[in-house]
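Hi,

Here is the structure I said I would pass on. Have a look at it first, and my notes follow underneath.

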Amino acid sequence: MHACMDGLLGELLSLTDSAYGFIGEIRRDEGGHQILQIHALAGIAEHPHAPATQSSPQATDLVFHDPDNLFGWAMRTGDVVLSTDPVNDPRSKGLPPGHPPLSAFLGMPFRDGEELIGGVGIANRPGGYDIELAAGFRPVLAAWGRMIQALPLYSWGGRVGRMLALDAGEADVA
């Protein structure tokens with residue numbers, strides 16, 4: 001599933017001429033607070049202090065706990081977040097150490113019905129982003145929402161398939 005998300009994110013970055021981005025799933029931590037579990041991360045490998053890339057196993061272990069940032073705003077409100085001046089945007093609280101420079105940002109949450117379940121953030125498109133571009137991705141975001149919802153079934157199905165294969169192998173031996 002992560003390979004699929006990496007491919008989708010790569011296509012989105014290419015289509016929008018964006019420098020980097022992520023796709024993540026909104027979950028709850030032990031305290032009931034929203035967190036963002038990253039499923040794909042791309043385009044930051046060129047930055048010397050980048051924590052991970054899509055080719056690194058750590059990329060899919062990355063979790064954003066602090067919602068006090070531009071994408072956190074999208075998580076709290078469920079709205080698209082567009083910023084053509086992230087440095088001076090009041091919704092932004094700055095960049096963490098090692099983060100690549102940020103000149104433009106588009107955060108697009110996706111849902112399953114009314115439930116906010118994930119989102120995508122892309123950055124540094126020459127000339128920035130606009131609401132028409134974001135609106136054009138609504139069908140894609142709906143499909144990604146369904147994919148995120150299917151992750152537990154995908155994982156469960158894989159385990160069941162392996163168990164059935166083992167059972168079948170044992171039956172052939174007996």
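Does E25 count as buried or exposed? At 11% relative accessibility, E25 falls under the 20% cut-off, so it counts as buried. Before going further, please keep in mind that this is a predicted model.

**Salt bridges**

E25 is a good place to start, since its side chain meets that of R27 in a salt bridge, with N to O at 3.1 Å. The arginine partner sits in another class: R27 has 36% relative accessibility and therefore counts as partly exposed, which is the range between 20% and 50%. So this pair joins a buried glutamate to a partly exposed arginine.

How many salt bridges does the structure hold? There are 2. Besides R27 and E25, D89 pairs with R91, and here the closest N and O atoms are 2.8 Å apart. D89 has 10% relative accessibility, so it counts as buried too. As a general point, side chains of opposite charge can pair when their charged atoms come close.

**T16 in helix α1**

Next, scroll to T16, which is found in helix α1, residues 2-16. With 1% relative accessibility, T16 counts as buried. What does its side chain reach? It comes to the backbone oxygen of L12, at 2.8 Å. Once the neighbours within four places in sequence are left aside, T16 is in contact with I122, R125, L133 and F137. If you colour those four residues together with T16, you can see this set of contacts on screen.

**The cavity**

I also looked for empty space inside. Rolling a probe the size of a water molecule over the atoms shows where such space is left. Searching the whole structure turns up 1 cavity of 30 Å³ or more, and its volume is about 40 Å³.

Which residues line it? The list is Q34, L36, F64, H65, D66, P67, N69, F71, G72 and M75. By type, the lining divides into 5 nonpolar residues, 4 polar and 1 charged. Two elements, β2 (34-42) and α2 (70-77), each supply at least two residues of this lining. Of the contributors, α2 gives the most, with 3 residues.

That covers the salt bridges, T16 and the cavity. Shout if you would like to go through any of it together.

Cheers

Methods. Residues are numbered from 1 along each chain as its sequence is written. This is a predicted model: local features need pLDDT of at least 70, side-chain atom pairs count only at pLDDT 80 or more; totals for chains, interfaces and linings use all residues. Side-chain values use heavy atoms; hydrogens and water are left out. A salt bridge is a side-chain nitrogen of Lys or Arg within 4 Å of a carboxyl oxygen of Asp or Glu. Buried means under 20% relative accessible area, exposed over 50%, partly exposed in between (1.4 Å probe, protein chains only). Helices (H or I, at least four residues) and strands (E, at least two) are DSSP runs, numbered from the N terminus. A polar contact is a pair of N or O atoms within 3.5 Å; within protein, one must be able to donate a hydrogen and the other to accept it, and residues adjacent in sequence count only if both atoms are side-chain atoms. Contact means heavy atoms within 4.5 Å. On a 1 Å grid over the protein atoms alone, a cavity is a set of points where a 1.4 Å probe fits but cannot get out, and a pocket is an open set with protein on both sides within 12 Å along at least five of seven lines; lining residues have an atom within 4 Å of a point. Grid points are joined across faces, edges and corners, and a volume is the space filled by probe spheres set on the points. Ala, Val, Leu, Ile, Met, Phe, Trp, Tyr, Cys and Pro count as nonpolar, Asp, Glu, Lys and Arg as charged, and the others, Gly among them, as polar.
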